[in-house]
Amino acid sequence: MNIRWNIILSVLALISLAWFYSLQPDDNELNQLIKSNDSPEYTGEKMSTAVFSPTGKKQYLATADKVEHYNNDGRTEFHQPLVYLFDIEDEKLGKQSWKLSAHKAKLTKNNMLYLEGNVIAETLLENAKLQKVVTESAVVNLTTQDITSDTIVTIKGQHFSSTGLKLHGNLQQQIATLKEQVKTHYEISNK
């Protein structure tokens with residue numbers, strides 16, 4: 001009789017151990033829960049962010065289909081970004097002055113925006129000398145609105161169009177300089 005009880009208790013103990021083991025999560029599941037250093041701190045879809053200057057004036061507004069923020073280096077990556085720059089030194093305070101768009105963008109801690117893929121900067125002000133800048137990649141300082149690019153750039157303005165390399169300019173001051181392989185076409189209006 002003791003042997004039967006020992007066998008029954010041993011089988012029950014083995015069943016209990018098997019059941020307990022089946023309840024334990026796999027190591028793969030645990031590893032998926034632990035955030036790695038190169039993964040974003042947070043992600044969001046269809047996000048919009050407004051940034052203000054130290055004086056309280058709106059500096060820029062950024063929207064994107066997807067946003068990923070990385071705490072380890074302070075960068076934020078945008079997919080399909082749309083950034084509106086505001087003219088904060090002019091009398092038209094708060095008025096949107098430029099719209100920036102691209103396929104991807106990366107914003108660093110020091111307010112440098114790296115735009116990649118079909119980059120378009122369009123003015124939103126009427127009668128601006130500089131109307132549009134089109135390129136494949138550009139860097140914009142969101143504090144000073146300086147813009148640079150080493151790829152082929154097309155600049156369109158009132159009555160002119162220029163194409164060239166190595167763009168240096170300032171969107172707020174409506175200045176753009178192409179340094180290499182420049183071709184410019186002027187429209188002459190007969191009045």
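**Exercise 1. Work out whether glutamine 145 is buried or exposed in this predicted model, and describe its backbone.**

*Step 1.* Start with the accessibility. Glutamine 145 has a relative accessibility of 3%. The cut-off for buried is under 20%, so glutamine 145 counts as buried.

*Step 2.* Now place the residue. Glutamine 145 sits in the loop between strand 8 and strand 9 (146–149).

*Step 3.* Look at the backbone angle. The phi of glutamine 145 is positive, about 65°, although this residue is not a glycine.

*Step 4.* Try another glutamine. Glutamine 80 is found in the loop between strand 3 and strand 4, and it too is not a glycine but has a positive phi, of about 55°. With a relative accessible area of 40%, glutamine 80 is partly exposed.

**Exercise 2. Find out how the chain is built up and how confident the prediction is.**

*Step 1.* Begin with the elements: the protein chain has 2 helices and 12 strands. Read from the N terminus, the order is α-α-β-β-β-β-β-β-β-β-β-β-β-β.

*Step 2.* Next, check burial and contacts. Of the 191 residues, 32% count as buried. Among contacts with a separation of 6 or more, 37% come from residues 24 or more positions apart.

*Step 3.* Turn to confidence. The average pLDDT of the chain is 83, and 87% of the residues score at least 70. Helix 2 (residues 27–33) has the lowest confidence, with a mean of 63, while strand 6 has the highest, at 94.

*Step 4.* Note one stretch to read with care. Residues 90–94 have a pLDDT below 50, and beyond near neighbours in sequence this stretch has 6 contacts in the model.

**Exercise 3. Describe the faces and the partners of strand 6 (residues 104–107).**

*Step 1.* Sort the residues by face. Ala105 and Leu107 make up the covered face, whereas Lys104 and Lys106 make up the uncovered one.

*Step 2.* Follow one of the lysines. Lysine 106 lies over the face of tyrosine 114, at 5.4 Å from the ring centre.

*Step 3.* Find the strands joined to strand 6. Strand 3 (residues 76–79) runs antiparallel to strand 6, and 4 bridges join the two. One example is threonine 76, whose bridge partner in strand 6 is leucine 107.

*Step 4.* Strand 7 is joined to strand 6 by 4 bridges, and these two also run antiparallel. Here alanine 105 has leucine 115 of strand 7 as its bridge partner.

*Step 5.* Look at the connection. Strand 6 and strand 7 form a hairpin with 4 residues between them, and asparagine 111 in the turn has a positive phi of about 65°.

**Exercise 4. Identify the residues with the most contacts inside the largest nonpolar core, and the strands that supply this core.**

*Step 1.* The largest nonpolar core has 27 residues. Those with the most contacts inside it are Val83, Leu85, Leu100, Leu113, Leu115 and Leu142.

*Step 2.* Several strands each supply at least two residues of this core, including strand 2 (58–69), strand 4 (82–86), strand 5 (96–101) and strand 10 (153–157). Strand 6, strand 7 and strand 8 are also on that list.

*Step 3.* Now look for aromatic rings that pair. A search of the whole structure finds 0 aromatic pairs. A charge over a ring does occur: arginine 75 lies over the face of tyrosine 70, at 3.9 Å from the ring centre.

**Exercise 5. Which residues do asparagine 118, serine 137 and methionine 47 touch, leaving out those up to four places away in sequence?**

*Step 1.* Asparagine 118 lies in strand 7 (residues 112–123). Its relative accessible area of 37% makes asparagine 118 partly exposed. Beyond its sequence neighbours, asparagine 118 touches Ser101, Ala102, His103, Thr135 and Glu136.

*Step 2.* Serine 137 belongs to strand 8 (residues 130–141). At 16% relative accessibility, serine 137 counts as buried. The contacts of serine 137 beyond its sequence neighbours are Leu115, Glu116, Val119, Ser149 and Thr151.

*Step 3.* Methionine 47 is part of strand 1 (residues 42–52), and its relative accessible area of 28% makes it partly exposed. Methionine 47 touches Ala62, Thr63, Ala64 and Val67, again without counting residues up to four places away. The C-alpha atoms of methionine 47 and alanine 62 are 8.1 Å apart, with their positions 15 residues apart along the chain.

How values were computed:
Residues are numbered from 1 along each chain as its sequence is written. This is a predicted model: local features need pLDDT of at least 70, side-chain atom pairs count only at pLDDT 80 or more; totals for chains, interfaces and linings use all residues. Side-chain values use heavy atoms; hydrogens and water are left out. Buried means under 20% relative accessible area, exposed over 50%, partly exposed in between (1.4 Å probe, protein chains only). Contact means heavy atoms within 4.5 Å. Rings of Phe, Tyr and Trp (its six-membered ring) pair if their centres lie within 6.5 Å; planes under 30 degrees apart count as stacked, over 60 as edge-to-face and the rest as tilted. A charge sits over a ring if NZ of Lys or CZ of Arg is within 6 Å of the ring centre and within 35 degrees of the ring normal. Two strands pair if DSSP finds at least two bridges between them. pLDDT is the predictor's confidence in each residue, from 0 to 100. A nonpolar core is a set of buried Ala, Val, Leu, Ile, Met, Phe, Trp, Tyr and Cys residues joined through side-chain atoms within 4.5 Å.
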